Amino acid sequence: MIVSVFHRWCGTPLPRCVFLFKMCRRKMLNYSTSYSVLRRCWMKRLPVFSNNFKQQFSNLSTQSDKEVIDLSKFPVDRIRNFCIIAHIDHGKSTLADRLLEMTGAIAKTDKNKQVLDKLQVERERGITVKAQTASLFYTHQGQQHLLNLIDTPGHVDFSYEVSRSISACQGVLLIVDANQGIQAQTVANFYLAFETQLTIIPVINKIDLKNADPERVESQIEKVFDIPREDCIRISAKLGTNVEKILQAVVERIPPPAAIVGDPFKALVFDSNFDHYRGVVANIAVFAGHVKKGDKIVSAHLGKTYEVNELGLLRPEEHPTQKLFAGQVGYLTAGMKNVKEAQVGDTLYCKDQPVEALPGFKPAKAMVFAGMYPVDQSEYPGLRSAIERLTLNDLSVTVQTDSSLALGAGWRLGFLGLLHMEVFNQRLEQEYNASVIITAPTVPYKAVLSSPKLIKEHGKEEITVVNPALFPDRSVVSEYLEPMVLGTILAPDTYTGKIMTLCLSRRGVQNNMVYVDEHRVMMKYLFPLNEIVVDFYDLLKSMSSGYARARAYSTGKVICERLKDSIPRHLFEIAIQAAIGSKIIARETIKAYRKNVLAKCYGGDITRKMKLLKKQAEGKKKMRRIGNVEVPKDVFLNVLKKKDK
Ligand code: GTP
């Protein structure tokens, strides 16, 4: 009976449920953990007896003997909220592994490698794309403390995750690689924390490396961030050296949250995701009061009332508790079935005790826009719900409906960068089994209109254009404006000349240049965004600048050539043209097939014939018909990925 309940509950194959049920009978696992294991492994399609499954299972089973945690024993002054920030690959997730192990949140094994990187895309690419929360118990000077850790991504394309995490914390661990020293994202992340006035604990990681030079990195930290070198903690996250010192510093240096237990319940939703069975799972930071199962809560955003079904800590797996108190961080489900409910940045409060909503988060500013279309129009509704659910988990993506003559109905999505766009696409495929066509990305432009008729139509003089198809003609525009970014480059001084030439060729204007130590230089350049984000796709920009027009011809030619390589030959000739307005600036031709592919398979060679026909049929399935030309679904992405010739 229980097995079949599990089977229906989790949508998991029966043998897997039987296995878990046996574990429960042997009291090796309780049902709530089994549910969680099943769901996670099923989502990732892990076979029951695979090593991966066993690793996940062993991580979870250490917590299976979950004692009921009484969170009331952690008054606000024994809570610390902090996040780990750094440049990409400086060791944030590895340090998080050690902290989880040392505080007993996960079992100590050699297999713990970036356990907070749970998404398949994170494991495959070896990068963090989503901030993850874990609550740790740590005893310091005889008193047990509750430490809420958030591991953040390092790549600039996911910096929105960092800024959101920072707003839920009072302190940060700023990790710097002892070999590489301060990098561009170290500087950007430092300023994010510094502007929010958080306590910053500098940590120099990878001191076990042969080329590690912690002395030099300490000097850089002192010079660039004005933090005394004595404040730095030297560690090896890989070996666990000095990691205990970090826990001590977190308790001693970071202040407790300014939360009030006696006030009415008020919580900030700082992250949320969609669970197929329980609806929206909201990650909350409790700012005041407490909340328990069965409480009636209201979402300030929609004004709707819900009953709390489940709440608890993330350790990093969900660990249900009776209550959550002021200053604590955890998760909550309340039967929110629609992705529009429990939006990130929303405030939750008790039904009978309304409170003023918290300011929430500044919306992310999309840097790159691309069209997204279903491979087949019949998949439109499915893809819409997949995009809605994924954007609930990734708030930095902006979505507008869009349609194109060739590709049908779709959306224009805004991303923080090209990697962000690729990761979003990959997550759609892996987590929602949705395959899409993505068009070439562009950056947003502004146009100052000169035509009174258009100004009246838009109700303003300056409009923002994110879709190339809607770019206004220069005859009705007095001025085009393009987005600029201030870029920071850190490099050994031997490369300075080459870098400056490169920046100049990308229309970069130097703002600043300082030596961070004897050999490394930090340069700040003002760039047009398009030059650095989508460096080969600047046909539209050509309208706003004479400089780019000169490059439009070569860029148009390169894109046409790439499309020629990516689109298969047809029975007829295909012309690929690049145009500025109505003027054709480049052209390539895909020649027609002349021969029948099966022509040489004379009668007897039936297996080869079958293979060729099967291949042809499979190929056709994957293709999307645009007019008379069949275009493979990933052609646009392939065109973008190819390196400049
Ligand atoms: P992102 O989240 O993608 O920005 O990366 P990260 O900062 O979380 O880095 P991660 O923990 O994934 O580590 C990157 C690489 O550095 C991995 O190959 C780790 O094994 C390695 N690494 C981390 N800490 C140490 C260390 O103390 N010593 C050595 N030798 N290698 C380390």
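1. Helices α5 and α10. In this predicted model, the axes of α5 and α10 approach to within 10 Å and cross at roughly 80°. The two helices are therefore roughly perpendicular to each other, since angles of 65 to 115 degrees fall in that class. On the α5 side the contact is made by Leu95, Arg98, Leu99 and Met102, and on the α10 side by Val243, Glu244, Ile246 and Leu247. Sorted by class, the contact of α5 with α10 contains 6 nonpolar and 2 charged residues, with no polar residues.

2. The surroundings of α5. Helix α5 covers residues 92-102, and 10 of its 11 residues are buried, so the helix is largely enclosed by the rest of the structure. The buried residues of α5 are Lys92, Ser93, Thr94, Leu95, Ala96, Asp97, Arg98, Leu99, Leu100 and Glu101. Their cover includes the strands β1 (79-86), β2 (132-140), β3 (143-151) and β4 (171-177), together with helix α10 (243-253). Leu95, Arg98 and Leu99 thus appear both among the buried residues of α5 and in the contact with α10. Just after α5, Gly104 adopts a positive phi of about 80°.

3. Helices α7 and α8. A second helix pair is formed by α7 (residues 159-167) and α8 (residues 184-195), whose axes come within 10 Å and cross at roughly 30°. For this reason α7 and α8 are roughly parallel to each other, the limit for that description being under 35 degrees. The crossing of α7 past α8 is right-handed. Helix α7 contributes Ser159, Val162, Ser163 and Ile166 to the contact, while α8 contributes Gln185, Asn189, Leu192 and Ala193. The contact of α7 with α8 divides into 4 nonpolar and 4 polar residues, with no charged ones.

4. Helices α11 and α12. Helix α11 (residues 380-393) packs against helix α12 (residues 418-432) at an angle of about 115°, and their axes lie 10 Å apart. This makes α11 roughly perpendicular to α12. The crossing of α11 and α12 is right-handed. From α11, the residues Leu383, Ala386, Ile387, Arg389, Leu390, Thr391 and Asn393 meet Phe424, Arg427, Leu428, Glu431 and Tyr432 of α12. By class, the residues of this contact comprise 7 nonpolar, 2 polar and 3 charged.

5. Residue Asn283. Is Asn283 buried or exposed? Asn283 has a relative accessible area of 9% and is therefore buried, the cut-off being under 20%. Asn283 belongs to strand β8, which runs over residues 279-288. Leaving aside residues up to four places away in sequence, Asn283 touches Thr133, Leu268, Val269, Phe270, Asp271, Ser272, Leu314, Gly330 and Tyr331.

6. The protein as a whole. The protein contains 18 helices and 30 strands. Of its 645 residues, 53% count as buried. Among contacts between residues at least 6 apart in sequence, 68% join residues at least 24 apart. The protein exposes about 30,400 Å², of which carbon and sulfur atoms supply 53%.

Terms used. Residues numbered from 1 in each chain as written. Predicted model: local features only at pLDDT ≥ 70, side-chain atom pairs only at ≥ 80, totals over all residues. Heavy atoms only, no water. Helix = DSSP H or I, 4+ residues; strand = E, 2+ residues; numbered from the N terminus. Buried < 20%, exposed > 50% of the residue type's maximum accessible area, 1.4 Å probe, protein only. Contact = heavy atoms within 4.5 Å. Axes fitted to C-alpha atoms, helices over the stretch in contact; angles between N-to-C directions. Parallel < 35°, antiparallel > 145°, perpendicular 65-115°, else oblique. Left-handed = near helix turned anticlockwise from the far one by under 90°. Nonpolar A, V, L, I, M, F, W, Y, C, P; charged D, E, K, R; others polar. Areas by Shrake-Rupley, 256 points an atom, 1.4 Å probe, with all protein chains shown as cover.
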